[in-house]
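Student: I have a new structure to read. Can you take me through it feature by feature?
Tutor: Gladly. Open it and we will start.

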Amino acid sequence: MTYALVAGVLFGLYFSLVGIGLNLVFGVMRIVNLAHGDILMLGAFIALGVVGIAGIDPLFAVPLAFMVFVLAGVLLYWVLVPRLQGSANPEMLSIILFFGLSQVIEAVTTIFAGTSERSIQSRLLGTVFTTIKVKWLGGKAAGAGPIQIFGQGFPAPWVIAAITSLIAIGLVYLYLYHTRLGTLTRAVMSRRDEALATGIDVDRVSAAAFGIGLGIAAVAGVFAPFMFGSVTPAFGADATVTSFAIVVLGSLGNPLGTALGGVVYGLCYMLVQTYLSSWADLLPYVLLIVILLLRPSGLLGRRVRVA
Amino acid sequence: MHSASKHLLFILAPLVVVFALLPGAYQNHLLLFNFVIFLILAQGVNIIYGFTGYLPFGYVGFFGAGAYGFAIMVMHLQTPAPLAVLVGGAVAVALGLLLTPLLRLSGAYFAIANLAASLAVLHFVANPALEGITKGPYGVSLTGTFNPTHAYYAAVVVMALTVGAVIYLKNSPFGLALQAVREDAVSASMAGVNIIKMRVIAWLASALVAGLAGGIYAWYVSVFYPDNVFSGEFSIFAIVFALFGGVATVTGPIVGVLILYGIYNLIGFTTPQYFQLIYGLLIMGLVLFLPAGLVSLATRRGWHVP
């Protein structure tokens, strides 16, 4: 029981990180980024690259993945989104557009990387810390063994991913509530038309949000090989649906909501897995439908939607 | 001549005649059968998305429900195949009824919820705990009813009914009212349209069509796994085919299936990942440059497209 609860919180924090980028993109632009899971997958491949080519701790892939995908996101925004916003029904068409994008990403990755499952040895993650400990504190290189919480051992990567997620969510919160661009972002989230009318450069704000959203997704992707065991180019689609469940469970446009949604999701997932394992696959979908029907604005949301 | 009978005569009749005669001239019957199935599904998507604006991202849920309705009737009650196909359709309608609350959601929320619903049905059917009823993830084998020729003609009949339904929607006050609801639900209800009834009827009609197609598919292939009949590709292909041609028209989805599924069969089997790449680029180009489908090339010039 304790094990399931703690593991649920650890996974839940990670799931929040997975969902938060999607939340940002949908909240600001009303665009359904169906390629979200594929960005995660690409982040995982950056981690594989860092380990495979440079042979260093995959944690170094985190800033790299973030920078690459912020830039890619801003570029992609200017290519795709203004044209999409001009069409008759941008919300619906965005689903199809980003489905196309996810197909392209998946196909290109398959062409270059093949369809085999990739994984990274979990002891590689966090080797930076053990090295520092050895150098400064004169301890012995112990390797990243299980970490003890409440008398139960948990794999170190889970804990590292959960801590990184906490830091990332904190940074998103700081960005949204304590910077000028973040304030403008929230203005666009609540009323796009009025934001435009008050002279906010909606396109610039949206491009920034899109880039950050993709960047965070890629950071979450770096940890995917450790959390899910392995990744394949086809991993993206499932990740997208899971992310949606988490985002909707929290609420749109509220990073704290997504954090809560992720933790609730992680707890449910671990509990169902422990007690009713054959029905665990059903959980995200049923949870998603129930929440959508009962409380479309999410656990922490105000009513923002008309009809 | 009345425009509905024109449509029946010049679109439906040639389509049915061509697909009824082709098996005699062309050897690859499975390919022809798949064309007919995708024509049904694309028109089914057309009914719900084209005329009401709800994007059924989990449309395959009905297809799979139909296939499993068929399989369960044949396995447990030894019903004859045509009756089991009808039951498949009824199962899909029942699932549609169960999911009617989803119609309260709008826009992307509906699409995502529908996708989740189809995945939930997949995991429900594939659950090892239900092995006694659905055979769980181990798949179904229905050799007793195997008869591809009959199944093919049944598919042509369902296709004729589906295209007929779209022609009806295109030419009737009912279809016009549906499109009014799609454009502006509030104004339509002010004008005396019963929004809820309209949407539910269109929703169940498209569920019925997909369920019948699923039942016939199960009849034709006779051996399948949950992952086959609930494959997301069915939803995606049907939606993209319909959109590529142009929704809310009779000809659009037909053109879309013939062109895109044709390309798929030319290059898709040998090098799937290159096809996926081309396909993805095609979809993106379509949304960015031709959001109203191929038929908009003609309508922009002021030609009328049925």
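Student: Where in chain A does pLDDT stay under 50?
Tutor: This is a predicted model, so begin with confidence. In chain A, pLDDT stays under 50 over residues 302-307. The model has 7 contacts beyond four places in sequence for residues 302-307. Another such stretch is residues 137-144 of chain A, where pLDDT also stays under 50. For residues 137-144 the model has 12 contacts beyond four places in sequence.

Student: How should I treat such stretches?
Tutor: Where pLDDT is low, do not read the predicted coordinates in detail.

Student: What is the average pLDDT of chain A?
Tutor: Chain A averages 78. A score of at least 70 is reached by 80% of the residues.

Student: How many helices and strands are there in chain A?
Tutor: Chain A has 12 helices and 2 strands. Read from the N terminus, the order is α-α-α-α-α-β-β-α-α-α-α-α-α-α.

Student: What percentage of the residues of chain A count as buried?
Tutor: Chain A has 307 residues, and 50% of them count as buried. Look at the contacts too. Take those in chain A between residues at least 6 apart in sequence: 77% join residues at least 24 apart.

Student: How do I describe two packed helices?
Tutor: Use two values: the angle between their axes and the distance between the axes. Try helix α1 (residues 2-29) and helix α6 (residues 156-178), both of chain A. They pack at an angle of about 45°, and their axes are 8 Å apart.

Student: Which word fits the arrangement of α1(A) and α6(A)?
Tutor: The angle puts them outside the parallel, antiparallel and perpendicular ranges, so α1(A) and α6(A) are oblique to each other. The crossing of α1(A) past α6(A) is left-handed.

Student: Which residues of α1(A) and α6(A) meet?
Tutor: From α1(A) come A:Leu10, A:Leu13, A:Tyr14, A:Ser16, A:Leu17 and A:Ile20. On α6(A) they meet residues including A:Trp158, A:Val159, A:Leu166, A:Ile169 and A:Val172. The residues of this contact divide into 13 nonpolar, 2 polar and no charged.

Student: At what angle do helices α7 and α9 of chain A pack?
Tutor: Helix α7 (residues 180-190) and helix α9 (residues 202-227) of chain A pack at about 105°, with axes 10 Å apart. That makes α7(A) and α9(A) roughly perpendicular to each other. On α7(A), the contact uses A:Leu181, A:Leu184, A:Thr185 and A:Val188. On α9(A), it uses A:Val202, A:Val205, A:Ser206, A:Ala208 and A:Ala209. These residues divide into 7 nonpolar, 2 polar and no charged.

Student: How many residues does each chain give to the contact between chain A and chain B?
Tutor: Chain B gives 34 residues and chain A gives 34 residues. On the chain B side, the elements giving two or more residues are α5 (107-125), α12 (232-245) and α14 (272-289). The largest share of that side, 13 residues, comes from α5(B). The chain B side divides into 27 nonpolar residues, 7 polar and no charged.

Student: Is A:Val50 buried or exposed?
Tutor: Count the C-beta atoms around a residue; 20 or more others within 10 Å means buried. A:Val50 has 22 others within 10 Å, so it is buried. A:Val50 lies in helix α2 (residues 36-54) of chain A. Beyond its neighbours within four places in sequence, A:Val50 is in contact with A:Ile56, A:Pro58, A:Phe60, A:Ala61 and A:Leu64. The C-alpha atoms of A:Val50 and A:Ala61 are 6.2 Å apart, with their places 11 residues apart along the chain.

Student: And is B:Val17 buried or exposed?
Tutor: B:Val17 is exposed, because 11 other C-beta atoms lie within 10 Å. B:Val17 sits in helix α1 (residues 3-25) of chain B.

Student: What does the sign of phi tell me?
Tutor: Most residues other than glycine have a negative phi. A:Arg30 has a positive phi, near 55°. A:Arg30 lies in the loop between α1 and α2 of chain A. With 16 C-beta neighbours inside 10 Å, A:Arg30 counts as partly exposed.

Student: Where is B:Ser222, and what is its phi?
Tutor: B:Ser222 is in the loop between α10 (195-221) and β2 (223-224) of chain B. Phi of B:Ser222 is near 65°, again a positive value. B:Ser222 is buried, with 20 other C-beta atoms within 10 Å.

Methods: Residues are numbered from 1 along each chain as its sequence is written. Chains are lettered from A and ligands numbered from 1 in the order in which they are written. This is a predicted model: local features need pLDDT of at least 70, side-chain atom pairs count only at pLDDT 80 or more; totals for chains, interfaces and linings use all residues. Axes are lines fitted to C-alpha atoms, for helices over the stretch in contact, and angles run from 0 to 180 degrees between N-to-C directions. Helices (H or I, at least four residues) and strands (E, at least two) are DSSP runs, numbered from the N terminus. Angles under 35 degrees count as roughly parallel, over 145 as roughly antiparallel, 65 to 115 as roughly perpendicular and the rest as oblique. A crossing is left-handed if the near helix is turned anticlockwise from the far one by less than a right angle, and right-handed if clockwise. Two residues are in contact if their C-beta atoms, placed from the backbone, lie within 7 Å. Ala, Val, Leu, Ile, Met, Phe, Trp, Tyr, Cys and Pro count as nonpolar, Asp, Glu, Lys and Arg as charged, and the others, Gly among them, as polar. pLDDT is the predictor's confidence in each residue, from 0 to 100. A residue is buried if 20 or more other C-beta atoms lie within 10 Å of its own, exposed if 12 or fewer, and partly exposed in between; C-beta atoms are placed from the backbone.
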